[in-house]
Amino acid sequence: IIGCGILGVGIWLHLAYGGFASLLPSYRALSADSLCIAAGVITFLVGFLGCCGSWFESKCLLITYFVIVVLVFLLEFTAGTLGFAYRKHVGETLQEELKAGIVDKYTKNNHNGLKSIWDDIH
């Protein structure tokens, strides 16, 4: 149920604030809506496998559930470790990307929506 909720929040973010992904065009996949949609789908699938595996007492589904849970844990641990180790580099890269977006694409007669997004942020 939580996976469906996270998926719903991700879809709502995409529909309501989909333009914010254009702030960092080279990192569009790391926008909040994309991350929520991916987390919601993964959470739903893992929960579904675990629930069906225990309900039907299927050894194959339970092993699949366990393997996916271990892989997700390892990915989270790796992402957290790398994020901590490269936190300064990530901050500098994001700052440079945002500045380049303002300098290159922020104009008064902008039709791609970037001007309105930056105006909303300000």
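**Exercise 1. Classify His-14 in this predicted model: is His-14 buried, partly exposed or exposed?**

Solution.
- Step 1. Take the value: His-14 has 45% relative accessibility.
- Step 2. Apply the cut-offs: buried means under 20%, exposed means over 50%, and partly exposed is in between.
- Step 3. At 45%, His-14 therefore counts as partly exposed.
- Step 4. Place the residue: His-14 belongs to helix H1, residues 2-17.
- Step 5. Look across the sequence: Asp-33 is 19 residues away from His-14, yet their C-alpha atoms are 5.2 Å apart in space.

**Exercise 2. Describe the overall fold: how many helices and how many strands does the protein have?**

Solution.
- Step 1. Count the elements: there are five helices and zero strands.
- Step 2. Write the order along the sequence: α-α-α-α-α.
- Step 3. Add the burial figure: 16% of the 122 residues count as buried.

**Exercise 3. Find the disulfides: how many does a search of the whole structure give?**

Solution.
- Step 1. Recall the bond: a disulfide joins the sulfur atoms of two cysteines covalently.
- Step 2. Read the result of the search: zero disulfides.
- Step 3. Test Cys-51: its closest cysteine sulfur is in Cys-52, at 5.6 Å.
- Step 4. Compare with the cut-off: a disulfide needs sulfur atoms within 2.5 Å. The sulfur of Cys-51 is therefore too far from that of Cys-52 for a bond.
- Step 5. Check exposure: Cys-51 is partly exposed, at 48% relative accessibility. Cys-36 is also partly exposed, at 22%.

**Exercise 4. Analyse the aromatic pairs: how many does the whole structure hold?**

Solution.
- Step 1. Know what to read: the distance of the centres and the angle of the planes describe a pair of aromatic rings.
- Step 2. Give the count: the search finds two aromatic pairs.
- Step 3. Take the pair of Phe-44 and Phe-48: their ring centres are 6.1 Å apart, with 20° between the planes. Planes under 30 degrees apart count as stacked, so this pair of Phe-44 and Phe-48 is stacked.
- Step 4. Relate the pair to the helix: Phe-44 and Phe-48 are four residues apart in helix H2 (residues 32-55), so about one helical turn separates them.
- Step 5. Check exposure: Phe-44 is partly exposed at 39% relative accessibility, and Phe-48 is partly exposed at 45%.
- Step 6. Take the pair of Phe-73 and Phe-77: this pair is stacked, with 6.5 Å centre to centre and 25° between the planes.
- Step 7. Place them: Phe-73 and Phe-77 lie four residues apart in helix H3, about one turn of the helix.
- Step 8. Check exposure again: Phe-73 is exposed at 52%, and Phe-77 is exposed at 55%.

**Exercise 5. Map the nonpolar surface patch: which residues make it?**

Solution.
- Step 1. List the members: Ile-63, Tyr-65, Phe-66, Val-67, Val-69, Val-70, Leu-71, Phe-73, Leu-74 and Phe-77.
- Step 2. Give the area: the patch covers about 940 Å².
- Step 3. Pick out one member: Phe-66 sits in helix H3, residues 59-85.
- Step 4. Check the entry rule: a patch residue needs over 30% relative accessible area. Phe-66 has 56% and is exposed.

**Exercise 6. Examine Glu-57: where does Glu-57 lie?**

Solution.
- Step 1. Locate the residue: Glu-57 is in the loop between H2 and H3.
- Step 2. Read the backbone angle: phi is positive, about 55°, although Glu-57 is not a glycine.
- Step 3. Check exposure: at 69% relative accessibility, Glu-57 is exposed.

**Exercise 7. Place Arg-87: which ring face does Arg-87 lie over?**

Solution.
- Step 1. Name the partner: Arg-87 lies over the face of Phe-84.
- Step 2. Give the distance: Arg-87 is 4.3 Å from the ring centre of Phe-84.
- Step 3. Compare with the cut-off: the charge must be within 6 Å of the ring centre.

Key:
Residues numbered from 1 in each chain as written. Predicted model: local features only at pLDDT ≥ 70, side-chain atom pairs only at ≥ 80, totals over all residues. Heavy atoms only, no water. Patch = residues over 30% accessible without salt bridge, like charges linked within 9 Å, V, L, I, M, F, W, Y side chains within 5 Å. Areas by Shrake-Rupley, 256 points an atom, 1.4 Å probe, with all protein chains shown as cover. Salt bridge = Lys/Arg side-chain N within 4 Å of Asp/Glu carboxyl O. Helix = DSSP H or I, 4+ residues; strand = E, 2+ residues; numbered from the N terminus. Buried < 20%, exposed > 50% of the residue type's maximum accessible area, 1.4 Å probe, protein only. Phe/Tyr/Trp six-rings, centres within 6.5 Å; stacked < 30°, edge-to-face > 60°. Lys NZ or Arg CZ within 6 Å of the ring centre and 35° of its normal.
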